[in-house]
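I sat down with this model and a list of things to look up. These are my notes, in the order I went through them.

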Amino acid sequence: MYLTETQEQVRDMARAFADEMIRPLAEELDREESFPAALYDEMAKLGLFGIGVPEALGGPGFDTLTYALVMEELSRGYASVADQCGLVELISTLLVRHGTERQQALLPDILGMRAKVAYCITEPEAGTDVSGIRTTAVRDGDGWRLDGGKIWIHNAPVADYGFVLARTDKEAGNRGMSIFIVDLHAAGVERGPKEHKMGQRASQVGALNFADVRLSADALLGTEGRGFHMMMSVLDKGRVGIASLAVGIGQAGLEAALDYAGTRKQFGKAISDFQGVQWLLADMAKDIEAARLLVHSAASKIDSGADATKACSIAKCFAGDMAVQRTADAVQVFGGSGYIRGFEVERLYRDAKITQIYEGTNQIQRMIIARELLKKGARA
Amino acid sequence: MKLLVPIKRVVDYNVKIRVKADGSGVELANVKMSMNPFDEISVEEALRLKEAGKASEVVVVSIGPAKAEETLRTALAMGADRAVLVETDDAVEPLAVAKILKGVAEAEQPSLIIVGKQAIDDDSNQTGQMLSALLGWAQATFASKVEIGEGSAQVTREVDGGLQTIDVKLPAVVTTDLRLNEPRYASLPNIMKAKKKPLDKKTPSDFGVDMSPRLKVLKTEEPSGRKAGVKVKSVAELVDKLKNEAGVL
């Protein structure tokens, strides 16, 4: 195996934690749509948030491949839990790369889950096409005034800080957007109701409205006008995270299906004795393994400093499609039971669907892959 | 006060073990290995004593192949301060292990040795007792509670009739039972830090111990399969079977 001893050690720890502490809670968290605060406190103590944050800034300082290993295992326990880990990873990566010393002072609270964060990009008119955002930040004295609104924001109902993409120059296109760190308890911030989603239902998602919210000068993250580029700079890592999460969902489905196929009896024998079921299991296993290897390869590319854009899009696209198709197979192995609430595979199928949508739809991933392929001088 | 915790690398408790085709032992090729679960409990107990201010240093030691270094790193990632690997590819039997541990104890001078009551591979349940005898130290086996006093330790033991609490003079050897504690997960920052913690390498000859086996394995075999049960039609038939076939009434 190409993993280092330390990477295996981290993966084994995350695997044991997911088996013992996360997976047993998943059914209830899905049913109740509740935010597992106690579980996140426990994970924070174990350093499972902000995996890539360097030791000097209070994190464990692991590479992207280790992050991918952790994301798969957490997601095998429950995708919503992994997605929280992914969210903190993105925000902390932004802070590490672009934050001032004062802004980075937020990191210990963010990694310790004492401060919850939200990454606020999407708006009604700006989903895949981010340049359509209408939220604006206008200079006001030495600070800013923020107006507008965001939708589908992960953690919006519970977050303390929003990392908000806003337009600071109407004429400058992609060079006219900036990211602001917004105290979500400030005057003028209004939270919309919690959305009720198809899957990953423990992830709290909702809208945020900003009406004349006053921001101090040091709310600006990095350079004015570079918000879009900063956002893009963490996309590769984000895609590796979501791809790993999709692999974890698929793996959980395979494990459940294997277990069930070995015990469910029809015509006097276990259904795993029938070739029709065996082929379902084999197809699940081969696609999960392929997706996992694509993810590890993309993560290693990021770690080596190479251009990883195509590899990350391939991994995210393949893993998301795989998760939907192969959890559908898991439901098929379970038959009628797989269609019933309370059976794990029923939840997994619902949890998988969003992995084709968020962190860039899989249609956009295909456009990126094609664009990279068609670049002058690119190697297919 | 220094604590010494011996740990063993064994087949992971989740692995469904298979007997080798020639019956010479258990198949170890490509099998996941990890820390003996009782030893995890020992490490946890030592760390808790240190965190409670009862001990100043936790030293872990393993006797086994080079790969046992990974197992030691796991203990260091849980929080142990440093490690000693006594490297050998020979089969490790309780007596030789106890003799090596005696040598380690003489070099390290711990006040307490906390060792798993048995390893889940050979289930010998002998090393702790032999070690205490070789050192001439007190022993408290099958501990479910350990309290450190002035120059002594109060240990609650799991015995057939229930719980027995004894007082042992330090230094002593304590062997740990399943219900002593629940071992922690190694945190990610501690896994990173463990890479930089000191790990000394020794060999059995450093302690003048002859590893040649005293035990001979005659045969290893799978437990025989369970026979199918039978359904009885009435209570009378059940009682009759219990009396005349099972002979338990």
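The entries below run from domains to helix packing, then to the chain contact and a few single residues.

**Ground rules.** This is a predicted model, so I kept in mind that local features need pLDDT of at least 70, that side-chain atom pairs count only at pLDDT 80 or more, and that totals for chains, interfaces and linings use all residues. Residues are numbered from 1 along each chain as its sequence is written, while chains are lettered from A and ligands numbered from 1 in the order in which they are written.

**Domains of chain A.** I started with the split of chain A into domain 1 (5-111), domain 2 (117-230) and domain 3 (234-374); these bounds come from an automatic or database domain assignment. Then I checked UniProt, whose positions are given in the numbering used here, with shortened feature names and annotations that may be inferred rather than shown by experiment.

- The unreviewed UniProt entry puts "domain: Acyl-CoA dehydrogenase/oxidase N-terminal" at residues 4-110 of chain A. I get 74% helix and 0% strand over residues 4-110 of chain A, with the end C-alpha atoms 28 Å apart. Helices (H or I, at least four residues) and strands (E, at least two) are DSSP runs, numbered from the N terminus.
- The unreviewed UniProt entry has "domain: Acyl-CoA oxidase/dehydrogenase middle" at residues 118-213 of chain A. Residues 118-213 of chain A are 0% helix and 51% strand, and the end C-alpha atoms lie 17 Å apart.
- The unreviewed UniProt entry gives "domain: Acyl-CoA dehydrogenase/oxidase C-terminal" for residues 225-374 of chain A. Residues 225-374 of chain A come out at 77% helix and 3% strand, with 29 Å between the end C-alpha atoms.

**Domain 1 against domain 3.** Taken over C-alpha atoms, the centres of domain 1 and domain 3 of chain A are 21 Å apart. Each domain puts 22 residues into the contact, where two residues are in contact if their C-beta atoms, placed from the backbone, lie within 7 Å. Which helices supply at least two residues each on the domain 1 side? I found helix H1 (5-32), H3 and helix H4 (79-98) of chain A. H3(A) gives the largest share of that side, ten residues. By class, the domain 1 side has ten nonpolar, four polar and eight charged residues. For the classes, Ala, Val, Leu, Ile, Met, Phe, Trp, Tyr, Cys and Pro count as nonpolar, Asp, Glu, Lys and Arg as charged, and the others, Gly among them, as polar.

**H3 on H9 in chain A.** I looked at helix H3 (residues 64-77) and helix H9 (residues 275-304) of chain A, whose axes come within 7 Å and cross at roughly 150°. H3(A) is therefore roughly antiparallel to H9(A) (under 35 degrees is roughly parallel, over 145 roughly antiparallel, 65 to 115 roughly perpendicular, the rest oblique). The axes are lines fitted to C-alpha atoms, for helices over the stretch in contact, and angles run from 0 to 180 degrees between N-to-C directions. On H3(A), Thr64(A), Leu65(A) and Ala68(A) meet residues of H9(A) including Val295(A), His296(A) and Ala299(A). The contact holds five nonpolar, three polar and one charged residue.

**Chain B against chain A.** Twelve residues from chain B and 16 residues from chain A make this contact. On the chain B side, helix H2 (68-78) and helix H5 (188-194) each give two or more residues. That side divides into seven nonpolar, two polar and three charged residues.

I then checked H2(B): nine of its eleven residues are buried, among them Leu72(B), Arg73(B) and Met78(B). Buried means 20 or more other C-beta atoms within 10 Å of a residue's own, exposed 12 or fewer, and partly exposed in between, with C-beta atoms placed from the backbone. Just after H2(B), Gly79(B) has a positive phi of about 140°.

**Backbone oddities.** Most residues other than glycine have a negative phi, and most peptide bonds are trans.

- Glu359(A) has a positive phi of about 60° and lies in the loop between helix H11 (344-353) and H12 of chain A. Buried or exposed, Glu359(A)? Glu359(A) counts as buried because it has 23 C-beta neighbours inside 10 Å.
- Gln109(B) has a positive phi near 55°, in the loop between helix H3 (94-108) and strand E6 (112-116) of chain B. Gln109(B) is exposed, with 9 other C-beta atoms within 10 Å.
- The peptide bond from Leu170(B) to Pro171(B) is cis, with omega near 0°. Pro171(B) is in the loop between strand E9 (162-169) and strand E10 (172-176) of chain B.
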